[in-house]
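Visitor: I would like to learn how to read a model like this one, feature by feature. Could you take me through it slowly?

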Amino acid sequence: MNDIEALRSELNDLQKENLKLKKKLERSETLRERTEEINERGQNRQLALLEESRLVKESLLQAQFMAKMGNWQWNIKLNTITWSDEVYRIFGVKKGEREINWLTFLSFIPDDERPEVEKAIEKALKDEKMLSVEHKIVNLDGKERYVYQRGKIERDQNNAPVFMNAIIQDITQRKESEKALTKAKNEAEAANKAKSEFLASMSHELRTPLNAILGFAQLLESDPDCPLTEEQNSAVIHIIKGGEHLLSLINEVLDLAKIEAGKLSISIEDFNPVEVVESAISFVESMAKKHDVTIHNKISVKDSTEFSLISADRGRFKQIVINLLSNAIKYNRKGGEVSIECLIEKEYARFSVIDTGMGIPDSLQSNIFQPFNRLGAECGDIEGTGIGLVITKKLVELMNGKIAFTSKKGMGTTFWFEVPLGKNITINDEMVNENLKTDNVQNENGIKTLLYVEDNPANMILMEKIIKRAGNLNLLSANSAEIGLEIAAKEKPDLILMDLNLPGMNGIEALKQIQADELLSTIPVIAVSANAMQEDIRVAMNAGFKSYITKPFNIAQILEEFKKFV
């Protein structure tokens, strides 16, 4: 009995042990399966990483190819260089075609640029700064290319340089674009200079005969000793009208050329626009009467000395107002009206010129600011050049303003422009009067002597008649600067008029000799020239001329100019 129990007990132990072994086997199988799963996942991950690495490398190579940029490493101790594929392409070298080391790299750099590259590398090694250098290379095909290199030095624990890691980029296309741009810029500047010189020359050539045409026509028109018949007077008026139109065209073309070349001088100041507007209206009043058009000035301040200042160029502002008023008069109907008004806003003053004329058709309004486009008016009898509004727009924009218009066919047009407001101060009577003062001095009793140096016989005859009309001036004349200097030294005139473009010595050279002579240096000298470019005037005034009269000149204006100095 005891033996049976012992066997049972042993059997139970064996069953328990068997159960334990079975569980161990089950756990072992599970562990094996998990191990296999982990291994499989690890292998898949490794394959994915390898594929990802391959794709990244391919992307990098593709990016380097597209950017024409490669990378290289210089082992400074071993003096070996490792290039990426793109570096080989940049230098035109096939892998394995030749040994790549530091001397090989330097051999691609032209002799005249190698010292600069070596200096940049030496500086990077010494000063622990980034390598940054542009230079040329000549590859194995003999083609010259431009490259940019940027690199950084790796150092050991003793701060000794070990590696230089750098990128190199082919910038040939950029350099060629820069060269082409520079060439185009130089050509444009040369063309612009040639255009300016041509315009200056043409202006001079046109103004010289215009001076005689307008001058003699004015003398004929106003000669009290030999009054013209009605028919003759009508013909002279046509001559003056045609000459003034041609002069206006010359001035507008010159202005447009200067604006396009960026050489138009603008002098911004704060001023009261009321007097300037009134002056502009006075300027066009005769035109308005001729066209039977009434002008209404709605911004005149008769009973107040206060008005908001504007910030603009005084002369150019007046030019803008005159141009808009002139157009409003010319393109108006008989018995029509033109109004000018001003609206003060927060930062701008808006000036509007409103007419009751024919208006502008909708189909033509988009062309209003195109040069030489008169919108069909060139077929009519209204004079114009087609560039006045173009100049007006550019002038307004140069003064930090803007211009626009509204128009309806048959009902009239409103042109408006805005300019910035100036400082908010009060304009009092004393300031206004000071603004209106001139340097004109009434001639003293007695005859004053004027020396005119001019090589053009027609201009000389015209001046003789002008001086004769003045009545209190004695004219001396010379057809060259050399003769003029001799007469000046002998006669000591009260005033000298000096043409600038003279045969032999020019007017500026003659002025220098006058200034250097103690007996002549106090005589005022006025420049007279058909050169009307701003640069010509600036050079003459800087040389020391007291004033500058451009041909053709207005007789009344030149007589007023004389009064300032004699």
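Guide: Let us begin with pairing: two strands count as a pair if DSSP finds at least two bridges between them. This is a predicted model, and in it five strands form an open sheet in the order β7-β9-β10-β12-β11, with mixed pairing. The edge strands, each pairing on one side only, are β7 (294-297) and β11 (402-408), and from one strand to the next the twist averages 15°.

Visitor: How many bridges join β9 to β10, and which way do these strands run?

Guide: Strands of a sheet pair through backbone hydrogen bonds, and they may be parallel or antiparallel. Here β9 (residues 337-344) and β10 (residues 348-355) run antiparallel and are joined by seven bridges; if you wish to follow a single position across, I340 has V353 in β10 as its bridge partner. Helix α7 (residues 273-290) packs on the sheet, where it touches β7, β9 and β10, and its direction makes about 175° with that of β7.

Visitor: What span should helix α8 have, and what do its end C-alpha atoms show?

Guide: The general idea is a simple product, since the expected span is 1.5 Å times one less than the number of residues. For the 17 residues of α8 (residues 314-330) this should give 24 Å, and the end C-alpha atoms are 24 Å apart, which agrees. At the start of α8, a side-chain oxygen of D313 comes within 3.0 Å of the backbone nitrogen of G315.

Visitor: Is α8 enclosed by the rest of the structure or open to the outside?

Guide: Buried means under 20% relative accessible area, and because 13 of the 17 residues of α8 are buried, this helix is largely enclosed by the rest of the structure.

Visitor: Which residues have the most contacts inside the largest nonpolar core?

Guide: They are I310, F317, L325, F351 and F417, in a core of 39 residues. Helix α8 gives the most to this core, with eight residues. As for F417, its contacts beyond four places in sequence include F317, I320, V321 and L324, as well as F351 and I403. A second, separate core has 27 residues, among them W74, I81, W102 and I168.

Visitor: Where is G484 found, and is it buried or exposed?

Guide: G484 is found in helix α12 (residues 481-491), and with a relative accessible area of 3% it is buried. Leaving aside residues up to four places away in sequence, G484 touches L451, V453 and A478.

Conventions
Residues are numbered from 1 along each chain as its sequence is written. This is a predicted model: local features need pLDDT of at least 70, side-chain atom pairs count only at pLDDT 80 or more; totals for chains, interfaces and linings use all residues. Side-chain values use heavy atoms; hydrogens and water are left out. Helices (H or I, at least four residues) and strands (E, at least two) are DSSP runs, numbered from the N terminus. Axes are lines fitted to C-alpha atoms, for helices over the stretch in contact, and angles run from 0 to 180 degrees between N-to-C directions. Contact means heavy atoms within 4.5 Å. Buried means under 20% relative accessible area, exposed over 50%, partly exposed in between (1.4 Å probe, protein chains only). A polar contact is a pair of N or O atoms within 3.5 Å; within protein, one must be able to donate a hydrogen and the other to accept it, and residues adjacent in sequence count only if both atoms are side-chain atoms. A nonpolar core is a set of buried Ala, Val, Leu, Ile, Met, Phe, Trp, Tyr and Cys residues joined through side-chain atoms within 4.5 Å.
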